[in-house]
Amino acid sequence: MAVTNCSGGMLWCDTDAGFDDLLAIGALFKSGNLNFVTTSSGICETAEMGAERVQRLLHTLNCDAVEVIAGHQAPSVPTEEWLMRARARMRLWEERHLPQEDVSRSQTTAFETAVLHFLEDAKDSSIHMLTLGPLTNVARIASVPLLADLMQQKVCGLTVMGGNEVICKSAGPKPEFNFMSD
């Protein structure tokens with residue numbers, strides 16, 4: 001991750017709050033590099049569930065200062081067996097390891113408004129954006145001219161998690177889950 005290429009070194013993480021994403025978010029928080037989190041659906045059934053999951057994780061890590069905002073629903077993809085199993089395992093893990101009390105902060109701020117405030121408060125070329133889930137929120141931001149202009153001004157780096165997986169030679173490449181969800 002190239003956070004050091006940005007002046008100011010702020011990090012915005014966009015996630016669907018799966019296991020791997022939570023590990024990354026925990027490590028980023030512990031390194032002191034996490035400033036803003038937005039969520040979409042994907043591994044989580046809804047963006048709101050993802051935001052609650054991330055908030056409970058950060059609360060467990062004694063970090064209630066990072067703003068977490070529920071974003072938009074990724075386009076629906078066929079619910080394959082592996083996804084149903086992953087979601088069930090994620091719920092079991094949550095029940096065992098994350099606080100069950102309500103630690104969610106007010107979600108009354110609209111996604112676009114929260115992103116606007118975060119971008120306006122940042123210095124030029126000071127934000128690195130790390131996308132760990134579907135690119136739904138990035139596409140939504142790019143479709144709003146004011147937000148798109150601010151992203152060009154404030155975001156100096158973008159790291160995207162996704163790619164292709166070859167299942168077998170005869171089947172050819174299969175889209176990776178994050179890309180398939182868009």
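The structure holds 6 salt bridges. A salt bridge here is a side-chain nitrogen of Lys or Arg within 4 Å of a carboxyl oxygen of Asp or Glu. This is a predicted model, in which local features need pLDDT of at least 70, side-chain atom pairs count only at pLDDT 80 or more, and totals for chains, interfaces and linings use all residues. Residues are numbered from 1 along each chain as its sequence is written, and side-chain values use heavy atoms, with hydrogens and water left out.

**Salt bridges**

Three of the bridges are set out here.

| Pair | Closest N to O distance |
|---|---|
| Glu94 and Arg56 | 2.3 Å |
| Glu81 and Arg85 | 3.5 Å |
| Arg140 and Glu112 | 3.6 Å |

Take the pair Glu94 and Arg56. It links distant parts of the chain: Glu94 sits in helix H3 (residues 81-97), Arg56 in helix H2, and their positions lie 38 residues apart in the numbering. Helices (H or I, at least four residues) and strands (E, at least two) are DSSP runs, numbered from the N terminus. Is Glu94 buried or exposed? Glu94 counts as buried because its relative accessible area is 8%. Arg56 is buried too, at 13%. The cut-offs are these: buried means under 20% relative accessible area, exposed over 50%, and partly exposed in between (1.4 Å probe, protein chains only).

Glu81 and Arg85 belong to helix H3 and are 4 residues apart, so about one helical turn separates them. Arg85 is partly exposed, with 39% relative accessible area.

Arg140 and Glu112 again join distant parts of the chain. Arg140 is in helix H5 (residues 136-142) and Glu112 in helix H4 (residues 111-121), 28 residues apart. Both ends are partly exposed: Arg140 at 37%, Glu112 at 24%. Elsewhere, salt bridges that share partners join Arg53, Arg56 and Glu94 into one network.

**Overall layout**

The protein has 7 helices and 7 strands. Along the sequence they follow the pattern β-α-β-α-β-α-α-β-α-α-β-β-β-α. Of its 182 residues, 47% are buried. Contacts (heavy atoms within 4.5 Å) often span the sequence. Among those with a separation of 6 or more, 80% are between residues 24 or more positions apart. The exposed area is about 9100 Å², and carbon and sulfur atoms supply 55% of it. Areas come from the Shrake-Rupley method with a 1.4 Å probe; for residues, only the protein chains shown count as cover.

**Nonpolar cores**

A nonpolar core is a set of buried Ala, Val, Leu, Ile, Met, Phe, Trp, Tyr and Cys residues joined through side-chain atoms within 4.5 Å. The largest one has 23 residues. Which members touch the most others? They are Cys13, Ile25, Leu34, Val37, Val54 and Leu58. Strand S1 (10-15), helix H1 (19-31), helix H2 (47-60) and strand S3 (67-70) each give two or more residues to this core. The largest share, 5 residues, comes from H2. Apart from this core lies another, of 18 residues, including Ala122, Ile127, Ile141 and Leu147.

Cys13 counts as buried because its relative accessibility is 0%. Beyond its neighbours within four places in sequence, Cys13 contacts Ile25, Leu34, Phe36, Val37, Thr38, Leu130 and Leu132. Cys63 is buried as well, at 6%. How many disulfides are found in the whole structure? The search finds 0 (a disulfide being a pair of cysteine sulfur atoms within 2.5 Å).

**Two buried threonines**

Thr39 lies in strand S2 (residues 36-39). Its relative accessibility is 0%, so Thr39 counts as buried. Leaving aside neighbours within four places in sequence, its contacts include Asp14, Thr15, Val54, Ile69, His72 and Asn137.

Thr131 is part of strand S4 (residues 127-131). Thr131 is buried, also with 0% relative accessible area. Thr131 and Thr15 are 116 residues apart in sequence, yet 6.1 Å apart in space, C-alpha to C-alpha. Not counting residues up to four places away, Thr131 touches Asp14, Val138, Leu158, Thr159, Val160 and Met161.

**A surface patch**

Val160 is found in strand S5 (residues 155-160). At 36% relative accessibility, Val160 counts as partly exposed. With Leu158 and Phe179, Val160 forms a nonpolar surface patch of about 250 Å² accessible area together. Patches are made of residues with over 30% relative accessible area and no salt bridge; like charges are joined within 9 Å, nonpolar side chains (Val, Leu, Ile, Met, Phe, Trp, Tyr) within 5 Å.
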